[in-house]
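Q: Got a minute to go through this model with me? I'd like to start where the chains meet.

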Number of protein chains: 2
Amino acid sequence: MKKLINDPANYVDEMLDGLCAAHPELVHVGNDRRAIARSRTMPLGKVGVVSGGGSGHLPLFTGYVGEGLLDACAIGNVFEGPTINSCQDAIAAANGGAGVLCLFGNYGGDKMNFEMAGEFAAMEGIETRTVLGTDDIASAGPNETAKRRGVAGLIFAYKAAGAKAAAGGDLDAVAAAAQKAVDRTRTIGIALSSCQIPGAAGPNFTIADDEIEMGMGIHGEPGIWRKPIRPVDELVDEMMGLLLAERPQDARRVAVLVNSLGATPFEELFIIYRRVAKVLDEAGIAIGQRLTGPYVTSMEMGGASISLCYLDEEIEPLLAAPAQCPFWQVG
Amino acid sequence: MKKLINDPANYVDEMLDGLCAAHPELVHVGNDRRAIARSRTMPLGKVGVVSGGGSGHLPLFTGYVGEGLLDACAIGNVFEGPTINSCQDAIAAANGGAGVLCLFGNYGGDKMNFEMAGEFAAMEGIETRTVLGTDDIASAGPNETAKRRGVAGLIFAYKAAGAKAAAGGDLDAVAAAAQKAVDRTRTIGIALSSCQIPGAAGPNFTIADDEIEMGMGIHGEPGIWRKPIRPVDELVDEMMGLLLAERPQDARRVAVLVNSLGATPFEELFIIYRRVAKVLDEAGIAIGQRLTGPYVTSMEMGGASISLCYLDEEIEPLLAAPAQCPFWQVG
């Protein structure tokens, strides 16, 4: 698999250098430069919102540092969680004296390192809370949602938490907004082709030329089934059926994210969106916010995911509040 | 090559249905629904700005219909120019009584059909002008710039023309702004892997697993050379050398677009951007605007292009003026 890169050992650092050069509103923080923060000073009294995770998923995680979204983000190697140091650096950068929410995907390494970083932060007088993204319905059953992985729907939690913090919410309120967004968001993906970690001998996984995998995770974690490819409307109907089977009782309006895992082009996302809108209409569910594009990827992986965030009178205005980061502008 | 589509015969229309469903500020116009316009009424007295081209390049062409950009766009089948009818529909939708600029890439079919549509428009009392995008320096030599194809740099001409029209410029002024942006923009691309037209038996072209092609066009038109892949900094240095060799004498500031041709991920674009910024710094050229992402693609084609638009005191404020479309927000 060909890549436009230099020495794979420098991939992450060169990528971060380029990100900050292309977006001067972002800066490196920390001795090892593996955390990214906003270049403006953290406002005193505002709750900080921090995320973190492995590289290879841009815009996730660090592309969502910006106004009304994340204050800082810790970055690991490709598909590896950030170090404890990087998590500490991100928490320190997001400290405005009102506490810091750590909001990231439900993966073992990330949890362990953010937990340690939170303990060190507490020793320095910084209060933290943790909320985990668990939106991938293919990764565990509806009775074990705490085991589910976080995928594309995490960005709705970023948006809700960021808006609540920008509006002056305290740490409990910001954590509650993030948790509510997580609890009301469901995602399922479909994979067509693999990505490859820079420097690796081969692709992360293989999949036959006529096959697709329903529910595969963003690092290639096994999904629900692998079958021959079919017309996408049939696939969308199946995906929407799985998503809507777990809808909350008060499901009336949703925010929709049709996301490219990397190589799948905009044209196909719009073909998918069109069918998603039809299924929602038939289910009597209105669409309150629409996102279509590469929001959470796995480098050049082929495939797409559908996320639904079930809106209520608290979540909808938080998602609609103004926000501005390199990859997402609202209002 | 796997695609998330239905019947290939419906690919373009389903894509356009999805685009308009996901972006209610856009609407279909015309009997065959192959032109897209803004859903708001065309303001009386404003010059219209229209583009058009084949499908398969989103966000180009029709993704740039929006405030301060295009008023309407004609859409052809994948990699085929729009029909005369669709060009007429787009011109009619962009008619505010002050004339319409037709601004599109320098391809034979597009030119022929827009020319005929312009003649029909004249019979209906709509004055038109034509400006052609010719930014691809790999497609013809510096003494035959009129033969060059239009590629990613066309979006700078959209922005300049759209801003000039929004500011109340007359048809001559809007055409002059577009022509100046074209004249001051240079692009070169590098291809890693092919795309495939929906329904075709195979990919558009083949390229060996360890090879890349410098200067390939966005439909797979032959480039300058095909060689084994090298570290991307070396490739960027060569691309920048070719671009800067044709810089205008007053080159002091540029807008930069590092564009993904489809499958090449954001991470690699930022690694490229970082090197582009270094080369420009060493050449004493300042960067006035930065764009990094999939702005002009060929579906799932792998590769990237670099565009430089040399700024002057007229072009820079036009590029910086507020604009809003599904894929590009400024200000």
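Q: How many salt bridges are there between chain B and chain A?
A: Two, in this predicted model, counting a side-chain nitrogen of Lys or Arg within 4 Å of a carboxyl oxygen of Asp or Glu. In one, the side chains of Arg274(A) and Glu14(B) meet at 3.4 Å, N to O.

Q: Predicted, OK. Any ground rules on confidence and numbering?
A: Local features need pLDDT of at least 70 and side-chain atom pairs count only at pLDDT 80 or more, while totals for chains, interfaces and linings use all residues. Residues are numbered from 1 along each chain as its sequence is written, chains are lettered from A and ligands numbered from 1 in the order in which they are written, and side-chain values use heavy atoms, with hydrogens and water left out.

Q: And how many residue pairs are in polar contact across that interface?
A: 22, with both residues at pLDDT 80 or more. A polar contact is a pair of N or O atoms within 3.5 Å; within protein, one must be able to donate a hydrogen and the other to accept it, and residues adjacent in sequence count only if both atoms are side-chain atoms.

Q: Which elements of chain B give two or more residues to the side touching chain A?
A: Among them are helices H1 (11-22), H6 (232-244) and H7 (266-282), plus strands E7 (185-193) and E12 (302-311) of chain B. Helices (H or I, at least four residues) and strands (E, at least two) are DSSP runs, numbered from the N terminus.

Q: What's the mix of residue classes on that side of chain B?
A: 30 nonpolar, 10 polar and 14 charged. Ala, Val, Leu, Ile, Met, Phe, Trp, Tyr, Cys and Pro count as nonpolar, Asp, Glu, Lys and Arg as charged, and the others, Gly among them, as polar.

Q: How much area do the two chains bury?
A: About 4300 Å² between them, 67% of it on carbon and sulfur atoms. That's the accessible area (1.4 Å probe) that two parts lose on being put together, summed over both. On the chain B side, Lys2(B), Leu4(B) and Glu267(B) lose the most area to chain A, together 22% of what that side buries.

Q: Switching to holes. How many cavities turn up?
A: Eight of 30 Å³ or more in the whole structure. On a 1 Å grid over the protein atoms alone, a cavity is a set of points where a 1.4 Å probe fits but cannot get out, and a pocket is an open set with protein on both sides within 12 Å along at least five of seven lines; lining residues have an atom within 4 Å of a point. Points are joined across faces, edges and corners, and a volume is the space filled by probe spheres set on them.

Q: What lines the largest cavity?
A: 21 residues, with Gly262(A), Pro294(A), Ser260(B), Gly262(B) and Pro294(B) nearest its centre. H7(B) gives the most, three residues, and the volume is about 190 Å³.

Q: And the second largest pocket, what sits nearest its centre?
A: Met1(A), Ser193(A), Ser194(A), Met1(B) and Ser193(B), out of 36 lining residues. That pocket holds about 1100 Å³ of space. Its lining has 15 nonpolar, 12 polar and nine charged residues.

Q: Back to salt bridges: how many over all chains?
A: 50. One of them joins Arg38(A) and Glu67(A) at 2.5 Å, N to O. Arg38(A) is in strand E2 and Glu67(A) in the loop between strands E3 and E4 of chain A, 29 residues apart.
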